[in-house]
Amino acid sequence: MTYLLEDITRRELFRNGFFIALGLSLPNLFSCNLENTKTEDSKKTTTKPISIEEKKATLKFIDNYSKWNEKRAIRPQTDYIVLHTTEGGGLGSLNKLTRNGEANYMVDTDGTIYRIIDKDKIAKHAGRSLWNGRYNISTYSIGIEVVGYANQDITSTQYKSLKSLISELQEIYHINDEDVLTHSMVAYGTPNKWHSESYRGRKRCGMLFATPEVRKKLGLTSKPINDQDVSAGRVIVADGYLNNILYGSGSLPETNNHKSKISPTARVEIGDSQTENEFEGFRVIGVDGVTPWEIAGKEYASSNTIYFLKGGKVRRGNQLSKYNLDHLPNGTNILVGYVYGGHVHRNRSAIKICGREWNYPSTYYRFPDGVIKSGDEINQQKIPKGTLVLYRK
Ligand SMILES: [Zn+2]
């Protein structure tokens, strides 16, 4: 961070990174200011900011901060709460979520709430996601992982904790009930060998939190009535069962078997048992598909599809010949939906290239020696000249 901040002008700092930089160096001050400004509709102007910590008496919090917490950027906006199910036991889930910084909170079966990433900062919880035309929902939402399964009810103590936690966060960030979402609502898949278009239904994670009975118990009186991205044609419905649970009259099976039945055409992941976000943006020839078409669909030759070629060259889809595209070796890494930001130079800092996204987990840096790091890995270290910057479209 020091290098970056020294390298930019005051104007640039204000335009692009000032608040993020301030938030990183003075997180407590920043969050207090933020919360103060969020209470404009009440007469609390002279009282202390609302704080989750004050509710400690009723909620059991344990700090289990990820090593990533310190480096994660402050969210530019907080518009949603996204609920997940871990699809696994408490301890293993906590370890994984903490290791990767994949949630702001985890609510265990005994009602304990673990803090993993500060509530104001980006947790990498939603992965490839889209809601109301906006991509990368982790950047705009708080992620809560609930220990349990997508199609099974949670414990009564979990209800109690989760309800209070959601309500506190809604108050702090002014989030409406219909903006308390499930991971399965916002996750989407890109074209692959089963689907020729981007599709909804990549995950069923957290789907129980869309049902009327569960929402009622959580004190939520409304929910999204339909999927705007399906209506607008941005994605298609690939998992009819899930769609019916989220927006129709579908109900969860009463079963103790936590493995949901997957329809043969859906090809979905149930929850978060698989790592959602490690190098989330990268897809690999021979792993995620055999051809660029299978991996990137109609975007395969676009300037926003980035290919990492053998020998170290990085090229946009529109720079490669059909022959090149047809003969990419297995193991070729591809980023879909990215902007080729060009290289860092003395007068061209990372902030100049991609603005406040410079330290987002979704931004990638390719160093001259070939090492690739994400934005949340680089803020303490000098970015060498010639480093290539790639960021989300
Ligand atoms: Zn999830």
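Start by selecting Arg200 and Val237: Val237, in β11, is the bridge partner of Arg200. Strands here are DSSP E runs of at least two residues, and helices are H or I runs of at least four, both numbered from the N terminus. This is a predicted model, in which local features need pLDDT of at least 70, side-chain atom pairs count only at pLDDT 80 or more, and totals for chains, interfaces and linings use all residues. Residues are numbered from 1 along each chain as its sequence is written.

**The three-stranded sheet**

Extend the selection to β10 (residues 199-200) and β11, which pair in the parallel sense over two bridges. Two strands count as paired if DSSP finds at least two bridges between them. Both belong to an open sheet of three strands in the order β9-β10-β11, with mixed pairing. Its edge strands are β9 (188-189) and β11 (236-237), each pairing on one side only.

**The whole protein**

Zoom out. The protein has 12 helices and 19 strands. Of its 393 residues, 42% are buried; a residue is buried if 20 or more other C-beta atoms lie within 10 Å of its own, exposed if 12 or fewer, and partly exposed in between, with C-beta atoms placed from the backbone. Among contacts between residues at least 6 apart in sequence, 70% join residues at least 24 apart. A contact means that the two C-beta atoms, placed from the backbone, lie within 7 Å.

**The six-stranded sheet**

Select β1, β4, β3, β7, β2 and β8, which form an open sheet in that order, with mixed pairing. β1 (61-63) and β8 (180-182) are at the edges with a single partner strand each, so one side of each has no neighbour in the sheet. From one strand to the next the twist averages 25°.

Now pick β3 (residues 105-107) and β4 (residues 113-115), which run antiparallel and are joined by three bridges. Tyr105 stands opposite Arg115 in β4.

Add helix α4 (residues 90-100): this helix packs on the sheet, touching β3, β4 and β7 (141-146), and its direction makes about 175° with that of β3. Axes are lines fitted to C-alpha atoms, for helices over the stretch in contact, and angles run from 0 to 180 degrees between N-to-C directions.

**Helix α5**

Next, select α5, which lies across β2 (80-85), β3, β4, β7 and β8 at about 155° to β3. α5 (residues 156-173) has 18 residues and spans 26 Å from first C-alpha to last, close to the 26 Å expected at 1.5 Å a residue; the expected span is 1.5 Å times one less than the number of residues. Its buried residues are Gln158, Ser161, Leu162, Leu165, Ile166, Ile172 and Tyr173. They cover an arc of only 125° around the axis, which puts them on the same side of α5. The arc is that of the directions from the helix axis to the C-beta atoms. Just after α5, His174 takes a positive phi of about 55°.

**The cores**

Select Ile81, Tyr105, Met106, Val107, Ile144 and Val186, the residues with the most contacts inside the largest nonpolar core, which has 56 residues. Such a core is a set of buried Ala, Val, Leu, Ile, Met, Phe, Trp, Tyr and Cys residues joined through C-beta atoms within 7 Å. Another core, of 23 residues, lies apart from the largest one and includes Ile306, Leu328, Tyr338 and Cys354.

**Helix α9**

Finish at α9 (residues 240-247), whose buried residues are Leu242, Ile245 and Leu246. Seen down the axis, they fall within an arc of 95°, so they line one face of α9. Their cover includes α6 (183-186).
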